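Me: Please take a close look at the sheet in this model. I want its strand order, its pairings and what packs against it.

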Amino acid sequence: MTILVTDQGFGPDNWDRGYTPLGEAANDAMALDVPSDADPDTIPLNAQIIRVDFPSFADGRGFTIARMLRLRGYQGRLRAQGHVISDQYAMARRSGFDEVEISQALAARQPEDQWVFRADWQEHDYQARVRGGSNH
């Protein structure tokens with residue numbers, strides 16, 4: 001069982017329709033599984049949910065994919081999945097992810113309070129502080 005992390009904390013994964021791997025997706029795929037090495041320009045924007053894989057917490061390519069999808073106009077649900085740690089939650093939200101899917105094992109090592117602590121991701125924007133403004 002996986003746990004979904006949002007700005008409100010931990011919750012159950014409420015997507016139960018499965019995912020289609022990006023390489024096997026037709027234009028009408030409702031949910032896509034995207035590997036970290038995917039070219040963001042080749043990802044269709046009509047899926048209801050796109051789940052981007054993080055094979056390692058040191059692999060930040062998923063953040064770039066999320067940002068590029070949002071810049072291209074993707075309005076659907078965007079989920080990070082895999083090795084994302086609580087310290088990366090603010091970066092995940094800033095890059096465009098709506099939620100992070102984690103394992104029960106990771107949730108045991110990094111409890112909900114560690115994730116919620118980073119849920120004020122808009123308030124801790126380094127670039128906005130340097131510019132002297134806020135991120136709102």
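Reply: What follows goes through the sheet strand by strand, then turns to its surroundings.

The model is predicted. The chain holds five helices and seven strands. Along the sequence they follow the pattern β-β-β-β-β-α-β-α-β-α-α-α. Seven strands form an open sheet with mixed pairing. Their order is 2-1-7-6-5-4-3.

Start with the edges. Strand 2 (9–12) and strand 3 (20–21) stand there. Each has a single partner strand, so one side of each is left without a neighbour in the sheet.

Now move in from the strand 2 edge. Strand 1 pairs with strand 2 through four bridges, and the two run antiparallel. A hairpin of two residues makes the connection between them. Within this pairing, Thr 6 of strand 1 has Gly 9 in strand 2 as its bridge partner.

Strand 1 (residues 2–6) also pairs with strand 7 (residues 99–103). Here too the count is four bridges, and the direction is antiparallel. Leu 4 is matched with Glu 101 of strand 7 in this pairing. In the sheet order, strand 1 therefore sits between strand 2 and strand 7.

Further along comes a parallel pair. Strand 5 (residues 49–54) and strand 6 (residues 77–82) are joined by six bridges. Asp 53 faces Gln 81 of strand 6 across this pairing.

What lies across this part of the sheet? Helix 1 (residues 61–71) does, covering strand 4 (31–34), strand 5 and strand 6. Its direction makes an angle of about 155° with strand 5.

Side chains add detail around strand 5. Residues 49–54 make up this strand, and Phe 54 belongs to a ring cluster with Phe 63 and Phe 97. Phe 63 falls in the range of helix 1, residues 61–71. Ring pairs link the three Phe residues. By the rule used, the chain has four aromatic pairs. Arg 51 makes a further link to a ring: its charged end sits over Tyr 19, 3.7 Å from the ring centre.

Last, the chain as a whole. Contacts with a separation of 6 or more come to 57% from residues 24 or more positions apart. Of the 136 residues, 39% count as buried. The accessible surface is about 7500 Å², and carbon and sulfur atoms account for 50% of that area.

Terms used:
Residues numbered from 1 in each chain as written. Predicted model: local features only at pLDDT ≥ 70, side-chain atom pairs only at ≥ 80, totals over all residues. Heavy atoms only, no water. Buried < 20%, exposed > 50% of the residue type's maximum accessible area, 1.4 Å probe, protein only. Contact = heavy atoms within 4.5 Å. Areas by Shrake-Rupley, 256 points an atom, 1.4 Å probe, with all protein chains shown as cover. Phe/Tyr/Trp six-rings, centres within 6.5 Å; stacked < 30°, edge-to-face > 60°. Lys NZ or Arg CZ within 6 Å of the ring centre and 35° of its normal. Pairing = 2+ DSSP bridges. Axes fitted to C-alpha atoms, helices over the stretch in contact; angles between N-to-C directions.
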